[in-house]
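Dear colleague,

Please find below the structure that I am handing over to you. A summary of what was found in it follows.

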Amino acid sequence: MLESSLYYKDVLDYWGQRDKDYQLFALSNEEWRNVAILCKFLKVFYDVTCVFSGSNYPTANLYFRGVWKVHKVLLDTVKGPYSFLTPMVKQMQEKFNKYWAEYSLILSCAAILDPRYKLNYVQYCFTTIYGIHASDFVETILSNLRLLFDEYVKKSKSTSSSLAGSSNVSDKNPVDSSLGEHNVNNVDFGGDFDESDDYKRYLNESSTRSEKSQLDIYLEEPELELNSQIDVLDYWSKSSVRYNELSLLARDLLAIPISTVASESAFSMGKKVITPLKSSLKPKTVQAVVCLDDWMRAKGFSTDNYYSRFIVVILYYFLSI
């Protein structure tokens with residue numbers, strides 16, 4: 001509505017000059033300026049809401065970018081020169097900061113698993129908000145993501161070991177047994193200590209320490225184009241062979257919903273205006289109730305007292321039968 005009013009600004013100003021009844025509602029130049037500023041401010045929320053309320057594509061990797069934009073515009077508006085927005089924005093910040101403090105960690109982890117964002121984009125976003133203190137937040141996010149990834153690795157290893165233990169495949173010595181004790185390499189140094197198992201364990205631990213994890217390899221690879229159109233679920237599905245455990249982590253993180261309530265109600269300071277009863281009224285009944293309300297106000301009756309409500313209920317009853 002604000003965009004439409006700005007588009008027809010000249011028409012509305014001309015109408016205000018010609019129509020005496022409309023002059024009461026005509027806006028001054030300063031008010032039109034405030035409308036344009038407010039429209040630009042609300043456009044961010046509108047765009048983010050359109051992304052969050054999509055029915056087919058909103059995965060958790062998209063949430064961080066949208067929520068960060070809301071956070072940024074709230075901070076910039078409070079510090080900006082538009083004092084008429086400050087009281088409203090401060091109320092919005094109180095509600096927003098509670099959500100940000102609780103969910104910024106998990107939203108950041110999901111954003112890192114988007115090949116277009118990864119760690120650099122998350123670090124950039126936190127820098128625009130927290131400045132020199134951004135590195136502390138990023139380190140916390142990365143350490144928690146590593147811990148979460150380690151849990152998936154442990155789970156994957158336990159599953160693999162249980163499957164291997166349940167199999168009945170026997171491991172035989174590939175060396176020809178006919179060599180027997182005549183093989184010069186088959187030397188028994190005596191004693192009860194057999195270091196072969198311990199040596200294998202040492203090699204496994206050494207290789208684990210030296211090899212980079214799937215998460216490290218993923219983060220070191222260059223990011224995709226920031227605004228490129230990709231299906232992130234399809235990306236991880238195709239990368240599951242290379243990033244086995246990491247793809248499982250990405251699948252679970254990306255499935256987290258942004259909220260359990262309707263997105264248009266997230267920042268609403270009001271209540272429901274139309275009840276289920278009122279929304280089921282026929283157009284004729286709604287018109288009659290609105291007209292009665294106007295007539296009673298014109299005659300000086302208050303529609304808030306019980307007598308006026310009783311009249312409206314009686315009228316509704318007779319119009320419904």
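**Ser108 and its surroundings**

Ser108 counts as buried, with a relative accessibility of 0%. Please bear in mind from the outset that this is a predicted model. Ser108 has its place in helix H5. Leaving aside neighbours within four places in sequence, the residues in contact with Ser108 are Phe64, Val122, Phe126 and Ile141.

One of these residues, Phe64, leads to the interior of the protein. Not counting residues up to four places away in sequence, Phe64 touches Trp100, Leu107, Ser108, Ala111, Tyr121, Val122, Cys125 and Phe126. Phe64 also belongs to the largest nonpolar core, which has 51 residues; together with Trp236 and Leu246, Phe64 is among those with the most contacts inside this core. At least two residues of the core are supplied by each of the following helices: H3 (29-52), H4 (60-79), H5 (86-112), H6 (118-130), H7 (134-166), H9 (214-220), H10 (232-238) and H11 (244-254).

**The chain as a whole**

The secondary structure of the protein chain comes to 14 helices and 0 strands. The chain has 321 residues, of which 27% count as buried. Among contacts between residues at least 6 apart in sequence, 71% join residues at least 24 apart. The accessible surface comes to about 23,200 Å², and carbon and sulfur atoms account for 57% of this area.

**Salt bridges and surface**

In general, side chains of opposite charge can pair when their charged atoms come close. A search of the whole structure finds 9 salt bridges, and three pairs are described here.

Glu220 forms a salt bridge with Lys212, and their closest N and O atoms are 3.0 Å apart. Are these two residues buried or exposed? Glu220 counts as exposed because its relative accessibility is 54%, and the cut-off for that class is over 50%. Lys212 is likewise exposed, with a relative accessible area of 52%.

A second salt bridge joins Glu221 and Arg242, with the closest N and O atoms 2.4 Å apart. This pair links distant parts of the chain: Glu221 is in the loop between H9 and H10, while Arg242 is in the loop between H10 and H11, 21 residues apart. Arg242 is exposed, at a relative accessible area of 52%.

The side chains of Asp252 and Arg251 also meet in a salt bridge, at 3.4 Å from N to O. Asp252 counts as partly exposed, with 33% relative accessibility.

On the surface, Tyr7, Tyr8 and Val11 make a nonpolar patch of about 380 Å². Val11 lies in helix H2, which covers residues 9-18, and is exposed, with a relative accessible area of 51%.

**Confidence in the model**

The protein chain averages a pLDDT of 78, and 69% of the residues score at least 70. Which elements have the lowest and the highest mean pLDDT? Helix H14 (residues 306-320) has the lowest, at 59, and H6 has the highest, at 92. Over residues 172-187 the pLDDT is below 50, and beyond near neighbours in sequence this stretch has 2 contacts in the model. Where pLDDT is low, the predicted coordinates should not be read in detail.

With kind regards

Notes:
Residues are numbered from 1 along each chain as its sequence is written. This is a predicted model: local features need pLDDT of at least 70, side-chain atom pairs count only at pLDDT 80 or more; totals for chains, interfaces and linings use all residues. Side-chain values use heavy atoms; hydrogens and water are left out. A nonpolar core is a set of buried Ala, Val, Leu, Ile, Met, Phe, Trp, Tyr and Cys residues joined through side-chain atoms within 4.5 Å. Buried means under 20% relative accessible area, exposed over 50%, partly exposed in between (1.4 Å probe, protein chains only). Helices (H or I, at least four residues) and strands (E, at least two) are DSSP runs, numbered from the N terminus. Contact means heavy atoms within 4.5 Å. A salt bridge is a side-chain nitrogen of Lys or Arg within 4 Å of a carboxyl oxygen of Asp or Glu. pLDDT is the predictor's confidence in each residue, from 0 to 100. Accessible areas come from the Shrake-Rupley method with a 1.4 Å probe; for residues, only the protein chains shown count as cover. Patches are made of residues with over 30% relative accessible area and no salt bridge: like charges are joined within 9 Å, nonpolar side chains (Val, Leu, Ile, Met, Phe, Trp, Tyr) within 5 Å.
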